[in-house]
Amino acid sequence: MNRPTFDFVVAANRLPVDRAEGADGQLHWKRSPGGLVTAMDSVMRGRNGAWVGWPGDPGEPPEPFEDGGMHLHPVGLTEDEVEEYYEGFSNDTLWPIYHDVIVPATFHRRWWHVYKRINERFAQACAEVASPGAVVWVHDYQLQLVPALLRRLRPDVRIGWFNHIPFPPVELFAQLPWRGMIIDGLLGADFLGFQRTADAGNFLRAARQIGGLTTKGDLVTTNGPEAEQRQVRASAVPISIDYVALDELARRPEVQERARQIRESFGDPKLLLLGVDRLDYTKGIRHRLKAYEELLDDGQIAPPDVALIQVAVPSRERVEAYRTLRGEIESTVGRINGDHSTVEASAIQYLHQSFERAEMAAMFQAADVMLVTPLRDGMNLVAKEYVTCRHDLDGALVLSEFTGAAYELTSAYMHNPHDIQGLKNTIIRAIHSEPAERRRRMRSLRRRVRDNDVQRWAQRFLDALEAAPRRAADEEEGRRDD
Ligand code: F6P
């Protein structure tokens, strides 16, 4: 049987939907977690493209199927592959190295071999679904070898890769025993997109120092006989969210009513603080709780006037560092509630679960102060979602300077989460800000997200991919023809 092929193909570790077992024991599909899916889902709509990805649980992959106007092409992983490629190499080797080694990275040669094998499987799947001359957009650190593997299989396609997380400084990247092969893998692309100019700079430096390659501006020239040499551009294209859709959702009367109910359920506190994160050590949740606890200990704030909602979306629960973190956070929450809650009012409402978008929009509207305190984060779309939901121009965003978002959302209340006293001061400043100042800041934050939304991001990425040079020799020829 001839499989359909597509002019536009996305490859990401996960499909936009996860296979899940319902309470009735039936298998069904639910939207998968994370910023990548939220962003790409809206980019894919109406494009008649294909999405290559893992369906989120181990086992035989289902047959390709259509969903939400997309062709979904599942790539299967066995139980062992989930452990070694996803939990192991992706999330216990690369993730810590790419996030400033907040926890130590684990190196296993076996994990690397499985990572390579899975990248080959993804490249093969892309090669099968891509039409002649198609655009293939590869995503994130789990698939860094796909660009070169795919180029070998399908030299006719245009290949872009976007990194949703930071790209580490060369001193950290150099720790990876497989660093040279990762650079070679990425350089199979025509264009490499990063969240910040600093991330692109880190990659270019790694290409020079580790790959021994020549760079000029944001162009890297690959190795090989001159006729084979290609030029690859590496630059920043910061990701965003679907501003129009979320703004529209947040304005719905039922969402606003729900925001009112949420506040009421807390006894209408004078001040509601909110944190929303995947339960990940990069998010600085421990630092945030420490600052909050000290503010309560100091008597600067106290329930029932103040409450904190902390949503911690379950993530990578079989990786040791995530389990340890969960234990630490839950015991801290228990201690804070034990010490500071009253019979009627909890100091923290801790929710280890994920919520529908409408419920999130209501929480964002209910919160006076949004705490976004990562120690390192590629972008942090939660910060952008919060301001998008504040058409009332109220609310204050407390934002870590170690997020990609901090480079755009410069009107936020900025802080260094390692500096607990500084974080406490910033929270107090946000709490006591004048309404006029909050409005001024929020107006500017919203404008920033509105003008740089996810559609603009996708367009900028695809334009850069389209404009990227092909081979150094073609470039030369092009220049001679001018
Ligand atoms: O952006 C990093 C990332 O791995 C994304 O690929 C994904 O959207 C998110 O974090 C969630 O991670 P996971 O797929 O491991 O649950």
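Where is the place of aspartate 268? Hi everyone, let's start there. Aspartate 268 sits in the loop between α9 (253–265) and β13 (271–278), with helices (H or I, at least four residues) and strands (E, at least two) taken as DSSP runs and numbered from the N terminus. Its phi is near 45°, a positive value in a residue other than glycine.

A quick word on the model. It is a predicted one, where local features need pLDDT of at least 70 and side-chain atom pairs count only at pLDDT 80 or more, while totals for chains, interfaces and linings use all residues. Residues are numbered from 1 along each chain as its sequence is written, and side-chain values use heavy atoms, with hydrogens and water left out.

Back to the loops. Asparagine 380, between β16 (369–372) and α13 (381–388), also has a positive phi, near 85°. Asparagine 380 is buried, at 6% relative accessible area; buried means under 20%, using a 1.4 Å probe and protein chains only. Then look at proline 304, in the loop between α10 and β14 (306–313): the peptide bond leading to it from proline 303 is cis, with omega near 5°.

Now the cores. A nonpolar core here is a set of buried Ala, Val, Leu, Ile, Met, Phe, Trp, Tyr and Cys residues joined through side-chain atoms within 4.5 Å. The largest one has 97 residues, and Tyr98, Leu192 and Tyr292 touch the most other members. Helix α3 gives the largest share of this core, 11 residues. A second, separate core of 71 residues includes Ile239 and Leu381. As for Leu192, its contacts (heavy atoms within 4.5 Å) include Trp161, Phe203 and Val232, leaving out residues up to four places away in sequence.

Finally, empty space. On a 1 Å grid over the protein atoms alone, a cavity is a set of points where a 1.4 Å probe fits but cannot get out; a pocket is an open set with protein on both sides within 12 Å along at least five of seven lines, and lining residues have an atom within 4 Å of a point. Volume is the space filled by probe spheres set on the points, which are joined across faces, edges and corners.

There are 3 cavities of 30 Å³ or more, and the largest holds about 50 Å³. Helix α10 (residues 285–297) gives the largest share of that cavity's lining, 3 residues. The second largest pocket has about 580 Å³ and 26 lining residues, with Ala148, Arg152, Asp184, Leu187 and Gly188 nearest its centre. Thanks, everyone!

Note on methods:
Buried < 20%, exposed > 50% of the residue type's maximum accessible area, 1.4 Å probe, protein only.
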